[in-house]
Amino acid sequence: MNTLIVGSGKLGRRFYEYLVSEGEKPYTLSRTEKSWADNHIVCDLLKVSNTLPELPKLDNVYIMLAPDERTEQAYRQTYMHAVSRLLQELHKQHTEFHCTFLSSTSVYEGNLETVIDESVKAKPLNFSGKTMLDAEKNVKNLHENTSIVRASGLYSKDRTKLLESLLDKDKYHDPKWLNLIHEDDLCYWLHLANQREVSLSIASDGTAFTRQQLQDHIAGKEPSQQEPLKQYHSVLLKRLSLQYPSIFDWFDKTE
């Protein structure tokens with residue numbers, strides 16, 4: 001089984017370690033050297049002068065890139081131009097691999113539905129969501145055998161800024177509903193979506209919450225029962241066994 005992970009940031013490294021724990025020896029690709037990866041390829045996909053070295057016949061390609069800046073130009077360069085170049089380069093060598101493209105639930109920012117699953121048509125509201133939806137279509141056009149995974153927000157002990165925000169007492173009454181998934185569960189989800197070649201899935205733990213509910217839970221109080229304003233609930237959840245079905249479970253296990 002030959003696997004290539006494109007994008008070696010925080011999540012890319014975590015996914016690499018997950019695949020290694022599953023007995024795989026994946027290749028990784030990014031613009032800079034990564035000392036933690038055994039089979040790493042340095043290639044800047046935005047530079048025409050950079051080309052991919054000869055690779056063994058690939059079975060799986062995971063694309064999990066992230067832009068350097070939160071601007072429309074950076075998003076389009078990363079998710080449209082770099083991905084197009086990647087697939088063009090890979091197709092010079094192989095075309096039979098299965099691709100998994102990591103997208104985002106930002107494509108649903110404009111949706112008003114209370115519960116969103118894979119049957120709901122995405123209505124992006126801002127440039128990030130619109131670019132991600134364009135990128136999904138672009139990947140599918142370039143490589144039909146592709147799974148799209150739309151991930152909600154990620155949390156783990158290493159994402160300290162998010163955790164600080166969630167536990168900020170000054171934001172206790174923030175009415176925003178949050179939908180998250182633990183990084184380890186996203187790794188499991190990506191691997192499963194690839195293995196089963198699931199065309200589209202929403203990677204979220206299915207438990208929407210507010211900061212008030214989370215802070216009350218941690219303080220030992222009974223969280224208020226409210227109907228979420230927006231909840232991502234994949235049809236796959238009934239067939240999956242997430243390590244952390246909610247962030248409440250994670251906090252209980254890490255105390």
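How many Å should the 13 residues of helix 5 (residues 183–195) span at 1.5 Å a residue? Select helix 5 and find its two end C-alpha atoms: the expected span is 18 Å, and those atoms are 19 Å apart, which agrees. Keep in mind on this tour that the model is predicted.

**Stop 1: around helix 5**

Leave helix 5 selected and show its side chains. 10 of its 13 residues are buried, so the rest of the structure largely encloses this helix. The buried residues are Glu183, Asp185, Leu186, Cys187, Trp189, Leu190, His191, Leu192, Ala193 and Asn194. Now step past the end of the helix to Glu197, which follows helix 5 and has a positive phi, near 50°.

**Stop 2: the sheet**

Next, switch to a cartoon view and look for the strands. An open sheet is formed by 7 strands, in the order 3-2-1-4-5-7-10, and their pairing is parallel. At the edges you will find strand 3 (40–42) and strand 10 (200–203), each of which pairs on one side only. Going from one strand to the next, the twist averages 20°.

Start with strand 10 and its partner. Strand 7 (residues 146–151) runs parallel to strand 10, and 4 bridges join the two. To see one such pair, select Val149, whose bridge partner in strand 10 is Ser201.

**Stop 3: strand 1 and helix 1**

Move on to strand 1 (3–6). Which residues cover its two faces? Thr3 and Ile5 lie on one side, Leu4 and Val6 on the other, and all are buried. Strand 1 runs parallel to strand 2 (residues 27–30), joined by 3 bridges, and Leu4 stands opposite Tyr27 in strand 2.

Follow the chain between these two strands: strand 1, helix 1 and strand 2 make up a right-handed β-α-β unit. Helix 1 (residues 10–21) has 12 residues, and its first and last C-alpha atoms are 17 Å apart, close to the 16 Å expected at 1.5 Å a residue. Colour its buried residues: Leu11, Gly12, Arg14, Phe15, Tyr16, Tyr18 and Leu19. After helix 1 comes Gly23, with a positive phi near 95°.

**Stop 4: strand 4 and its partners**

Now select strand 4 (60–63). Asn60 and Tyr62 point one way from this strand, while Val61 and Ile63 point the other way; all are buried. On one pairing, strand 1 and strand 4 run parallel with 4 bridges between them, and Val6 is placed opposite Ile63. Strand 4 also pairs with strand 5 in the parallel sense, again over 4 bridges, and here Val61 stands opposite Cys99. The chain goes from strand 4 through helix 2 to strand 5, in a right-handed β-α-β crossover.

While strand 5 is in view, add helix 3. Helix 3 lies across strand 5 and strand 7, and runs at about 170° to strand 5.

**Stop 5: the nonpolar cores**

Show the nonpolar side chains next. In soluble globular proteins, nonpolar side chains tend to be buried together. Here the largest nonpolar core has 34 residues, and Leu4, Leu29, Val61, Leu90 and Phe101 have the most contacts inside it. The elements that contribute two or more residues are strand 1, strand 4, helix 2, strand 5 (98–104) and helix 3 (127–142). Helix 2 gives the most, with 8 residues. Apart from this core lies another, of 27 residues, which include Phe15, Leu19, Val149 and Cys187.

Centre the view on Val61. Leaving aside neighbours within four places in sequence, Val61 is in contact with Leu4, Val6, Leu90, Phe97, His98, Cys99 and Thr100.

**Last stop: Met64**

Finally, select Met64. Is Met64 buried or exposed? At 8% relative accessibility, Met64 counts as buried. This residue lies in the loop between strand 4 and helix 2 (72–91). Show what surrounds Met64: not counting residues up to four places away in sequence, Met64 touches Ile5, Val6, Gly7, Leu11, Gly12, Phe15, Leu102 and Leu190. You can also draw a distance from Met64 to Val83: they are 19 residues apart in sequence, and their C-alpha atoms are 10.0 Å apart in space.

Definitions and conventions. Residues numbered from 1 in each chain as written. Predicted model: local features only at pLDDT ≥ 70, side-chain atom pairs only at ≥ 80, totals over all residues. Heavy atoms only, no water. Buried < 20%, exposed > 50% of the residue type's maximum accessible area, 1.4 Å probe, protein only. Contact = heavy atoms within 4.5 Å. Expected span 1.5 Å × (residues − 1). Core = buried A, V, L, I, M, F, W, Y, C linked by side-chain atoms within 4.5 Å. Pairing = 2+ DSSP bridges. Right-handed = clockwise from strand over helix to strand, strands pointing away. Axes fitted to C-alpha atoms, helices over the stretch in contact; angles between N-to-C directions.
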